[in-house]
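Colleague: Please give me a close look at a single part of this structure. Go step by step, and explain each term when you first use it.

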Amino acid sequence: MKSIGIIGEYNPFHQGHSYLIEKAMKSTGAEVCVSVISGDFTQRGTPAVADKWERARVAVENGVNVVVEMPVVYACNSAEYFAKGGVEILEGFGCVDYMAFGSECGDIDELKSVAAFLNDNDKVLHSRVSELIKHGNSYPKARLMAALEINPGFDEAILKEPNNILAIEYLKKIKDIEPVTIKRRGVGYHESAEAIRDSLYEKTPKIFDEMDNRFFKLLSAKILQSDGEYLETISSAGEGLGNKLINEIRYVNSTDQLIERIKSKAYTRTRISRLLTQVLLGISSDSVKNARSYIRLLALDDVGAKFIKEMKKNKYCKLPVITNINREKEEYPEIGPTLHQDILATDMYNIIAGKDLYDYSDYVKAPFIGL
């Protein structure tokens, strides 16, 4: 069965996702769509608008055949690690033929050329980016400045658009899958995921305010129990951010206030938001470095079930397949630390969302089976 892989968040699922799936399936002739999604916390560092099980179910009801979870150590991280986690899982299936992603550019050859340039100049770029960050530039701005210094003819527009940036990171990681990019439509604000989230907030502000309040209290407790040395080990920390969290936590009453007091030209709002979730979940640089990927099934339909059966029958899969963590966490001890952080993320999300810890536990929930 010819298959295509897509990495996303579906936070929430919207028309743009349907468009990507439809165009990618049609252009490749794929019969199966496999999607890797972030769990209960997003790449921006915020709790998702709905839990991973609900978002996976909606995806299967809208054209995706198999949905699996990206470990939180990758999902709640920079574009580089988000791409690494997603690509590792798709290639780990051993039978996914294509990987599709949206981009503002829409030209796969141009994106490949930029990815190759960044790979070829990785050491020089890394060194220069580090210097530019020390002078108060954010990572995205520093990388663009460094790229233009090395190659003045570099098309800077391609490194300014968010989907281009993520597409390039995918291409830097892909080894065995054929990449396909779909040019993003000019989606207006009212069709965007941000607009849908804003609309949900307007309809139920009390629910979202309560979620943020619970998140902030959990985070405050974690920061107050930690010292600067420990907080500096967190994946997005460094350069004194750990101590800054400790110094600022008593002066704020919300997550937003804390972010506002810490963000700067060098530390973007997204990086600080991501840092706060990583602190809450204990996502250290070492836990990211030592992470082990696996295929954690969240939802599938009949076509997806046939695909998984064929994958297992022909022994294509290169990664552990997880459908019941009570059984399989003992079978695959090497994934234990990474899986433990996913379980913790689910528990923390359930507290934040006011859900029952047992009923919505990873130990209890099972993959959604659609028709």
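Modeller: Buried means under 20% relative accessible area, exposed means over 50%, and partly exposed lies in between (1.4 Å probe, protein chains only). Strands (E, at least two residues) and helices (H or I, at least four) are DSSP runs, numbered from the N terminus. The model is predicted, so local features need pLDDT of at least 70 and side-chain atom pairs count only at pLDDT 80 or more, while totals for chains, interfaces and linings use all residues. Residues are numbered from 1 along each chain as its sequence is written, and side-chain values use heavy atoms, with hydrogens and water left out.

Start with strand 2. It is mostly covered, with 7 of its 7 residues buried. Look at its two faces. On one side sit Val32, Val34, Val36 and Ser38, and on the other Cys33, Ser35 and Ile37; all are buried.

Now look at its partners. Strand 1 (residues 3-8) pairs with strand 2 in the parallel sense, over 6 bridges. Two strands pair if DSSP finds at least two bridges between them. Take one position: Ile6 stands opposite Ser35 of strand 2. Follow the chain from strand 1 and you pass through helix 1 (residues 15-28) before reaching strand 2. This β-α-β crossover is right-handed (with the strands pointing away from the viewer, the path from the first strand over the helix to the second runs clockwise).

The other partner to look at here is strand 3. Strand 2 (residues 32-38) and strand 3 also pair in the parallel sense, over 5 bridges. Ser38 has Met70 of strand 3 as its bridge partner. The connection runs through helix 2 (residues 52-60), and this β-α-β crossover from strand 2 to strand 3 is right-handed.

Stay with strand 3 for a moment. It spans residues 66-70, and 5 of its 5 residues are buried. Strand 3 also pairs with strand 6 (residues 295-300), this time in the antiparallel sense, over 4 bridges. There, Val68 has Leu297 of strand 6 as its bridge partner.

Next, move to helix 14. Gln278 is found in helix 14 (residues 269-281). At 0% relative accessibility, Gln278 counts as buried. What does Gln278 touch, leaving out residues up to four places away in sequence? Its contacts (heavy atoms within 4.5 Å) are Cys76, Asn77, Ile234, Ser235, Ser236 and Ile283.

Ser273 is in helix 14 too. Its relative accessibility is 10%, so Ser273 counts as buried. Ser273 touches Arg44, Gly45, Thr46 and Ile259, again not counting residues up to four places away in sequence.

Helix 14 also packs against helix 10 (residues 205-224). Their axes are 9 Å apart, and the angle is about 65 degrees. Axes are lines fitted to C-alpha atoms, for helices over the stretch in contact, and angles run from 0 to 180 degrees between N-to-C directions. Helix 10 and helix 14 are therefore roughly perpendicular to each other (angles of 65 to 115 degrees; under 35 is roughly parallel, over 145 roughly antiparallel, and the rest oblique). Their crossing is left-handed (the near helix is turned anticlockwise from the far one by less than a right angle; clockwise would be right-handed). Helix 10 brings Phe215, Leu218, Leu219, Lys222 and Ile223 to the meeting, and helix 14 brings Leu276, Thr277, Val279 and Leu280.
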